[in-house]
Structure formats: structure tokens, C-alpha cells
Amino acid sequence: MYAQPSGGLEDTPRGEEAQALLRNCVHCGFCLPACPTYRITGSELDSPRGRIYLIKQMVEGAEATATTRHHLDRCLTCRACETACPSGVEYGRLIDLGRALVEERVPRPPLERALRRGITGVLSRPKLFGALVRLGQSVRGLLPAALRSRVPAGEPAPLAARSGQPASRRVVLLEGCVQPGLRPSINVAAERVLERIGIGVERVSGEQCCGALAHHLGQATPAHEQIRRNVSACSAALDAGAEAIVSTASACGLMVKDYGRLLAHDPEYAARARRVSEATRDLAELIAPADLARASAERHGGPRVAWQAPCTLQHGQRMVGRVEALLAASGCVLTSTREAKLCCGSAGTYSLLQPELSGELRRRKLAALLDDAPQMIATANIGCLEHLRGASPVPVRHWIEVVAEALDA
Ligand code: SF4
Ligand code: SF4
């Protein structure tokens with residue numbers, strides 16, 4: 001697809017980037033059946049190809065409207081279109097670019113702006129968010145059903161004492177922003193499993209939200225501020241000998257792996273951001289099935305588990321089969337599921353801002369996951385976990401919690 005940047009983008013790095021990204025699209029439409037929003041609405045403007053046309057029009061200086069913004073807002077950024085595209089179109093970068101342009105050219109009504117800032121302001125502050133979760137838990141029984149389903153029942157799990165086993169290897173485990181409030185047991189489980197296989201875990205002081213929440217809402221300034229602070233904190237840990245930066249949330253891990261690209265034009269941070277990205281690993285990349293094989297041999301009749309691969313893991317980090325192998329090595333029986341590539345509808349703040357599409361996707365995803373009568377659903381991202389949990393008849397857990405239990409058994 002040829003585009004001639006205009007309207008202030010001509011001869012600019014952003015215009016050139018857009019031109020290069022758009023050039024790969026050959027309009028074939030192979031991505032359409034993979035797109036969750038197109039499958040629901042049937043509208044070309046809710047498809048990857050339709051959105052790419054909208055972005056091309058903006059790049060060429062055509063007037064952007066509230067309709068343009070509406071259809072870009074409805075994109076989940078799931079990137080299923082990227083893995084379906086035979087031409088290698090980097091749709092994730094294009095939608096970032098399109099969202100930045102639409103935010104500049106079609107200002108939102110003040111109330112909508114305030115709502116979006118409020119959501120990122122609360123979700124990206126772990127202490128404030130954790131206090132709100134505890135408050136919600138204390139009055140959970142009195143809440144209306146729709147709100148109650150968003151608040152996890154029970155007290156957060158107490159933090160287990162660290163084993164203190166000497167470890168020859170050390171990694172930084174990122175805390176995340178909503179996960180400590182909603183499910184602190186995930187990082188506790190990760191810490192225990194890693195220590196068990198000889199990898200010590202440390203936290204970094206000064207960690208911020210990874211920036212994904214603000215970034216995907218087109219709030220570039222706060223997102224870049226959070227990224228810079230994390231780059232400084234993680235660089236210090238790498239200087240001190242940590243071998244990797246690890247996240248138990250696949251969405252945060254994907255974002256940190258992208259820091260190098262996002263700060264590529266920042267003279268002060270570019271090199272350090274690239275180093276942090278290159279050192280970032282998903283938790284599943286640190287553990288080999290052989291590390292867990294003993295659990296499998298000793299654990300007969302493990303639970304029947306339906307695996308839900310988050311889009312950020314399978315389409316973003318392009319990691320397929322790894323967690324499934326770890327669950328099998330822990331003695332779990334993986335049930336067969338349909339629609340493995342379909343987004344569950346969580347997508348960061350999407351479930352709050354687009355509740356109808358998000359709810360329909362959750363309904364479809366749960367039906368596909370529950371087909372083969374699993375005892376639980378396992379996933380790799382706190383957003384998907386909480387979104388599915390809100391409507392699932394079986395428990396929804398992070399895969400590392402399941403593995404930790406198998407090792408303890
Ligand atoms: S994004 Fe890829 S699959 Fe979709 S229309 Fe363009 S070239 Fe075809
Ligand atoms: S990122 Fe997902 S929702 Fe957005 S266009 Fe691609 S497939 Fe559709």
C-alpha cells in the first residue's frame with residue numbers, strides 16, 4: 001500500500017516510519033477472519049485492513065473524524081492480524097502510530113479525557129489500587145453483581161518466606177501494578193519455583209507501571225516517563241549482576257521487551273532501554289520442562305487444565321507451546337480447546353472502555369475453553385485472568401501457581 005505522507009508528516013521520521021509500515025500491506029484481507037472485532041461486527045472498518053486504510057488516510061493528511069477514532073478505539077491491539085498476515089505487516093506499530101495521530105487531531109470530549117486519565121491514574125498506582133481492592137473485598141457482598149464480579153473474593157494470599165537457598169543465578173522479578181493487589185500469590189509462586197531451580201529473585205526499587213496502560217491509550221508523555229524510570233531501575237540491577245528482567249504478566253513483559261524501540265530516539269536512554277529490552281524474559285523462558293519433570297513423575301492424576309494463551313504471549317512475544325510443555329511436565333492434563341488464537345476481550349483497559357465487545361469476546365472464549373470439561377483454566381496474564389474469572393464457572397489461575405503446587409505436592 002503506497003502512502004504519501006502529508007499534513008505535516010512529510011519528510012519527518014514519523015512520516016517515513018508510517019510509509020515503510022504501510023508499504024507491506026497488499027490489501028489481501030487474509031487478516032480479516034483472525035480479527036475479533038471484525039468477526040463480531042462484520043464491518044470492514046472494524047477489521048485490520050479497514051483500520052490500516054483509516055491510518056493511511058491520516059498519514060496522507062485527510063481529515064480525521066470521531067468515526068476514525070471510534071474504529072481505532074475498538075481495536076484490541078491483540079495483534080492476531082500480525083500472526084495471520086502473510087506479508088509481515090507490523091500492525092501493532094501501525095495502530096500505535098494511528099492512535100497517536102488521532103489523539104492529536106480529534107480531541108476527546110473533556111469527560112472522556114478525564115475518564116481515561118482517571119483509569120490509568122488508578123490502575124498504575126499499586127498502593128492506591130491495592131487499597132481500593134481491599135475496600136471492595138470488605139463490602140463485596142453489598143456490591144451490585146456487575147461490580148462484584150470485578151472484585152476477587154477473599155484476602156490476598158500472605159507472602160511466603162523466601163527459602164534463603166543460595167543461588168548462583170539472579171534475576172529481577174517485576175512486581176507490576178495491578179497484580180500485587182489482585183493476586184499477590186502469582187509472584188510468590190514464581191519466586192518459589194525459580195529458587196527451587198537455582199535462580200535467586202530480587203526486586204528493584206523505583207519500579208513503575210510498565211507504561212502499557214498509558215501507551216495503548218495514546219498517552220505518550222506519562223508512558224515514556226514510566227518507561228524511563230523503569231529503564232533506570234532495571235539498568236542498575238543489570239549493572240549489579242542480575243542476568244534478566246522477568247515478568248509474570250505477559251502484557252508487561254511484551255511492553256518491556258519493546259522499550260528499546262520506544263526510546264530509540266531518546267539520546268539519553270536509547271542504549272540503556274535497548275539493553276533492558278534484550279535482557280527481558282517471560283517467566284516461561286527461564287524454566288525448562290526438565291526442571292519440572294520430577295513433579296510429573298510423582299504426581300499422578302494432576303488436574304485437567306484448559307490453557308488460555310494471552311495475545312501478548314502468542315501474538316506479541318510469539319511464544320507458543322512453552323507454557324503448555326511446563327504444565328504437562330508438572331503432571332497436568334491439558335484439555336482440548338477451540339479458538340486458541342481468539343482474544344478473551346480483556347486487552348488492558350478495553351474491558352472497561354468497550355464493555356459490550358469485551359463481554360461478547362469473553363462469552364465466546366469461555367465457551368471454547370470449557371468445551372472439554374477442564375477443572376481449571378490457566379493463563380499467563382493478570383488482565384486475562386481477572387477478566388475470565390469474572391464469568392468463569394471454574395477457577396482461573398496463573399500457570400506458575402499451578403506449577404508451584406505441583407512441585408510442592
Ligand atoms: S495486513 Fe496483511 S493480511 Fe491484512 S490486508 Fe494487509 S497484507 Fe493482507
Ligand atoms: S489487533 Fe486484533 S482487534 Fe486490532 S485489528 Fe488486529 S486482529 Fe483486529
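The legends below describe close-up views of the internal cavities in a predicted model.

**View 1. Cavities found across the whole structure.** In this predicted model, a search of the entire structure yields 4 cavities of 30 Å³ or more. The largest cavity has a volume of about 130 Å³, while the second largest cavity holds about 90 Å³ of space.

**View 2. Lining of the largest cavity.** A total of 17 residues line the largest cavity. Nearest its centre lie Cys-25, Cys-31, Ile-52, Cys-85 and Val-89. Two helices, α3 (48-59) and α5 (80-84), are the elements that give two or more residues to this lining. Helix α3 makes the greatest contribution, with 3 residues.

**View 3. Residue classes around the largest cavity.** By class, the lining of the largest cavity comprises 12 nonpolar, 3 polar and 2 charged residues.

**View 4. Lining of the second largest cavity.** The second largest cavity, with about 90 Å³ of space, is lined by 14 residues. Those closest to its centre are Cys-35, Arg-51, Cys-75, Cys-78 and Cys-81. The elements that supply two or more residues to the lining of the second largest cavity are α2 (36-41), α3 and α5.

**View 5. Residue classes around the second largest cavity.** The lining of the second largest cavity divides into 10 nonpolar, 2 polar and 2 charged residues.

**View 6. Helices at the two cavities.** Helices α3 and α5 each give two or more residues to the lining of the largest cavity, and α3 and α5 also do so for the second largest cavity. Helix α2 (36-41) likewise gives two or more residues to the lining of the second largest cavity.

How values were computed:
Residues numbered from 1 in each chain as written. Chains lettered and ligands numbered in written order. Predicted model: local features only at pLDDT ≥ 70, side-chain atom pairs only at ≥ 80, totals over all residues. Heavy atoms only, no water. 1 Å grid on protein atoms, 1.4 Å probe; cavity = no way out; pocket = protein on both sides within 12 Å on 5 of 7 lines; lining within 4 Å. Points joined across faces, edges and corners; volume = space filled by probe spheres on them. Helix = DSSP H or I, 4+ residues; strand = E, 2+ residues; numbered from the N terminus. Nonpolar A, V, L, I, M, F, W, Y, C, P; charged D, E, K, R; others polar.
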